[in-house]
Amino acid sequence: MLRASARHHNEDINLLGVGRPHVDVGLPGGRVLSALVEAAVLRDGDEMERARTQAIEVLGSGATARAVQVTGNFEMMNRLLDAVGVGPPDGMLAIGDAIGVPLPDRHR
Amino acid sequence: MSAIDIPTDFTALHDREWDRLSHPGTWLTGRERVAVAAAARGEAASSPAEEAAAVISTAPATITRDWFDAVLARDLSTEQYVEVLGIVARLRALDTTRFGLGHNPRPLPEPHDGEPSPITTQAVIDGSWVPTIGVAFPPTILSAVPPENEAMFDVHTTLYLAPDGNPDGNSMGNMNAVREGLSRSQMEFVAARTSLLNDCFF
């Protein structure tokens, strides 16, 4: 969906930024969003405070709150998929290469 | 301290979810549902449903077909598993959101008495380990237990976008959707990064 959205908006993004936090994905606030998501998913309290402060500075509190809520939503969706054995469609198996992270063996 | 005030629509969603959680469900009592949520948060598990909840919550990427079969061999029906999954997945969404906003988890509700209200559907195995109405993909995974699927839609719509093809408004079909200044591409980046950190590659 990220790739589809970027194409729709003619945005020049680097998908490696999904898998490699030091790579700039090319979206406004990409780095602070990456840090915000990582702290939330890993439940890192100290980093969460730091990442949220930076995100508010760059994106504002409303967008930061929305980013946190989207993170929460995908915490839900990831569990739904993994708990019933639904992996990526065949046509998406190359996504691992695109984001710079090999697919786990269970999806190959 | 940089905590963000909890958005009003999130509080309303949380109220709805706590109401759902505390009442008897489709295959589990209110007491069983709240116990499942407690196990998902780390309390000691004392039933197959609670043990499943703990794994789904904390280590979903480790779940295998063998683990799933073993869980269901221990006096837990497929429909009960789907109900557990719905409860745990939504709880994770709400807890992660509160954590990210800078707030402690909301205490679990007191369970209400009463018996479950079983619903039998035409769901069949079609691309996943559990039966679904239609091919298994995100909007149908919980469809064998309709109230759980409806609750998932509620969370999905409030936190992200409605899971439908509507080209307008806050729907997944609207590629121009913007919420509180966060663009659709930024939302999708957040989604992709979250999934990667969870080792989920759908």
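Author: Lys and Arg count as positive and Asp and Glu as negative, while His and the chain ends are left uncounted; a charge is placed at NZ of Lys, CZ of Arg, CG of Asp or CD of Glu. On that basis chain B has 14 positive and 27 negative side chains, with the centres of the two sets 5 Å apart. This is a predicted model, in which local features need pLDDT of at least 70 and side-chain atom pairs count only at pLDDT 80 or more. Residues are numbered from 1 along each chain, and chains are lettered from A in the order in which they are written.

Reader: Why is chain B called as compact as a globular protein of its length?

Author: The globule rule is 2.2 Å times the number of residues to the power 0.38, and the radius of gyration is taken over C-alpha atoms. For 202 residues the rule gives 17 Å, and the radius of gyration of chain B is 17 Å, so the description holds.

Reader: What makes the pair of Phe74(A) and Tyr160(B) edge-to-face?

Author: Rings of Phe, Tyr and Trp (its six-membered ring) pair if their centres lie within 6.5 Å; planes under 30 degrees apart are stacked, over 60 edge-to-face, and the rest tilted. Here the centres are 4.9 Å apart and the planes stand at 70°, which meets the edge-to-face criterion.

Reader: Why is Tyr160(B) called buried?

Author: Buried means under 20% relative accessible area, exposed over 50%, and partly exposed in between (1.4 Å probe, protein chains only). Tyr160(B) has 0%, so Tyr160(B) counts as buried.

Terms used. Heavy atoms only, no water.
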